[in-house]
Amino acid sequence: MVQGFGIRTLTAIGLVAVAAIAVFLLGHDVQATLVTLIGGVAAVLTAAGTSEIAVDPDQPPASTDAPPLDLGDVLEAIVEPILIVTEGRVTQANAPARALLGGHILGQNVRLAIRHPAAAERLVGPIAPGTAEPIDLVGLGTLDQRWQMRVALGAGGQRIVHLIDQTGNYAAERMRVDFVANASHELRTPLASILGYIETLSDEAGEDAALRGRFLKIMDDEARRMQRLVEDLISLSRIEAEKYRLPDRAVDLADLVGEVRAEIVKGRIVLDLGDGVSAVTGDRVQLSQMLHNLVGNAIKYGRADAPVTVRLWQDAGMVRLSVADQGDGIPSEHIPRLTERFYRVDPGRSRAGGGTGLGLAIVKHIVERHRGRLDIASVVGTGTTVSIVLPAHGVKG
Ligand code: ADP
């Protein structure tokens with residue numbers, strides 16, 4: 001009720017009430033008080049009815065003459081494919097639906113527009129209560145696309161068909177499942193080997209000192225393989241957990257490259273460090289791990305008698321780093337997949353060199369966290385160059 005009155009009306013009613021109280025206090029005359037109160041309020045309400053309510057800012061604006069929204073406009077404003085099906089025919093389809101199923105679907109029998117047995121049943125048959133669950137459609141659009149179809153019933157019996165793209169979710173879920181399967185497999189193989197040797201040693205082979213020494217060496221290698229794998233898995237999950245936390249320290253990559261060189265086989269690493277290269281904004285431990293992985297790969301897969309060149313230079317506001325080897329190189333079809341977890345061009349060679357198949361996946365995640373870019377270029381028979389670009393922190397003095 002109060003919402004219907006403006007502030008001025010309420011103030012006036014308040015003043016009338018004050019006047020009525022004053023009349024009562026002065027004369028203790030109830031009748032005069034009531035006349036003041038009722039008369040005053042009536043006068044205020046009459047005045048408000050003729051002038052104030054029409055301009056009351058508390059009121060919603062008067063309705064305009066705008067025409068009601070057109071359904072077609074509403075459908076076109078939606079970015080996911082939407083179709084309206086009336087008596088088995090497609091009567092409306094927004095642009096994303098036409099792009100997915102073809103412009104010809106308008107007016108077409110919906111069974112031809114969406115060729116899918118489970119979908120067709122839901123689109124033309126009676127909808128039983130409780131069958132509103134979505135239907136998963138495979139192969140609509142391109143073969144690897146996955147869609148979820150939801151159907152709602154319009155007042156006139158029309159079917160409102162909403163297609164939701166699930167391709168990204170499906171790919172992420174498949175990657176997660178593959179990752180768990182691959183990690184388990186990678187751990188199970190050395191573990192099975194260790195258990196086998198323990199059994200052999202506890203039987204007759206334990207008596208033979210030479211054999212025991214050989215088996216223990218194999219067990220040690222396998223245990224270290226498991227350890228490297230577990231360490232890389234932990235690194236990967238730590239880096240992923242910090243994905244959205246930007247690093248904030250100034251890190252001098254030239255210093256870090258020097259440190260990494262000192263820790264690895266020095267002789268083969270040639271440094272080509274530009275002058276006055278800015279620091280980058282980074283996480284020192286992660287950038288060191290990135291360099292270790294790249295230089296480690298270049299040494300592992302490069303020709304044993306050839307140098308590995310690490311270059312560092314500045315290009316405007318970006319710091320660039322490249323690690324180049326002279327090795328067998330990588331056939332181009334493998335390059336887009338090298339940063340996938342456990343992807344190896346030659347699994348035997350990778351394992352023989354102590355590889356976990358996670359090195360470049362870790363590098364990719366570190367570079368992403370640093371808002372940088374990673375590029376792998378390779379020429380078969382010549383060698384591979386991995387380049388990193390990171391935003392500069394500030395120019396060196
Ligand atoms: P790994 O532990 O197997 O070395 P990475 O993730 O570091 O795993 O690399 C993935 C794969 O990419 C390697 O198995 C190898 O086949 C290939 N690769 C990486 N770096 C090089 C390189 N410098 N030269 C040739 N192949 C490389």
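In helix α7, the buried residues are F179, A183, E186, P190, S193, I194 and L201. Since this is a predicted model, that list describes the prediction. Part of the cover over these buried residues comes from α8 (209-241) and α11 (347-352). As for length, α7 covers residues 167-202, and its 36 residues at 1.5 Å each should span 52 Å; the C-alpha atoms at its two ends are 52 Å apart, so the expected and modelled spans agree. The spacing of some buried positions fits a simple bit of helix geometry. An α-helix makes a turn every 3.6 residues, so residues three or four places apart point the same way.

Stepping back to the whole protein, there are 12 helices and 12 strands. Of its 397 residues, 35% are buried. Among contacts with a separation of 6 or more, 58% are between residues 24 or more positions apart.

Where do the nonpolar residues gather? The largest nonpolar core holds 45 residues, and L253, L287, M290, L294, L321, V323 and I388 have the most contacts inside it. Two or more residues apiece come from α7, α8, α9 (253-263), α10 (284-301), β9 (308-315), β10, α12 (359-369) and β12 (383-394). Helix α10 gives the largest share, with 7 residues. The core also draws on two domains, taking at least three residues from each of domain 3 (169-240) and domain 4 (245-391). For a close-up, take M290: leaving out residues up to four places away in sequence, M290 touches L321, V363, I366, V367 and I388. A second core, separate from the first, has 21 residues, including V90, V110, I114 and L137. Grouping of this kind fits a general trend, as nonpolar side chains in soluble globular proteins tend to be buried together.

Next come two residues that sit in loops. T356 is in the loop between α11 and α12. With a relative accessibility of 8%, T356 falls under the 20% cut-off and therefore counts as buried. What does its side chain reach? The side chain of T356 makes a polar contact of 2.7 Å with the side chain of D232, and the T356 side chain also comes to 3.1 Å from the backbone nitrogen of L358. Setting aside neighbours within four places in sequence, the contacts of T356 are R228, L229, D232, F342 and R344.

Y343 lies in another loop, the one between β10 (318-324) and α11. Is Y343 buried or exposed? Its relative accessibility is 19%, and since buried means under 20%, Y343 counts as buried. Apart from neighbours within four places in sequence, Y343 is in contact with H334, R337, L338 and G357. From Y343 to G359 the sequence separation is 16 residues, and the C-alpha to C-alpha distance is 9.9 Å.

Finally, there is a run of paired strands. Strand β3 (residues 135-138) is antiparallel to strand β4 (residues 146-153), with 4 bridges between them, and I135 is opposite M149 in β4. Strand β4 is also antiparallel to strand β5 (residues 159-165), joined by 7 bridges. In that second pairing, R150 has H162 in β5 as its bridge partner. The hairpin of β4 and β5 has 5 residues between the strands, and G157 takes a positive phi near 85° there.

Terms used: Residues numbered from 1 in each chain as written. Predicted model: local features only at pLDDT ≥ 70, side-chain atom pairs only at ≥ 80, totals over all residues. Heavy atoms only, no water. Pairing = 2+ DSSP bridges. Expected span 1.5 Å × (residues − 1). Buried < 20%, exposed > 50% of the residue type's maximum accessible area, 1.4 Å probe, protein only. Contact = heavy atoms within 4.5 Å. Core = buried A, V, L, I, M, F, W, Y, C linked by side-chain atoms within 4.5 Å. Domains from an automatic or database assignment. Polar contact = N/O pair within 3.5 Å; in protein donor to acceptor, adjacent residues only side chain to side chain.
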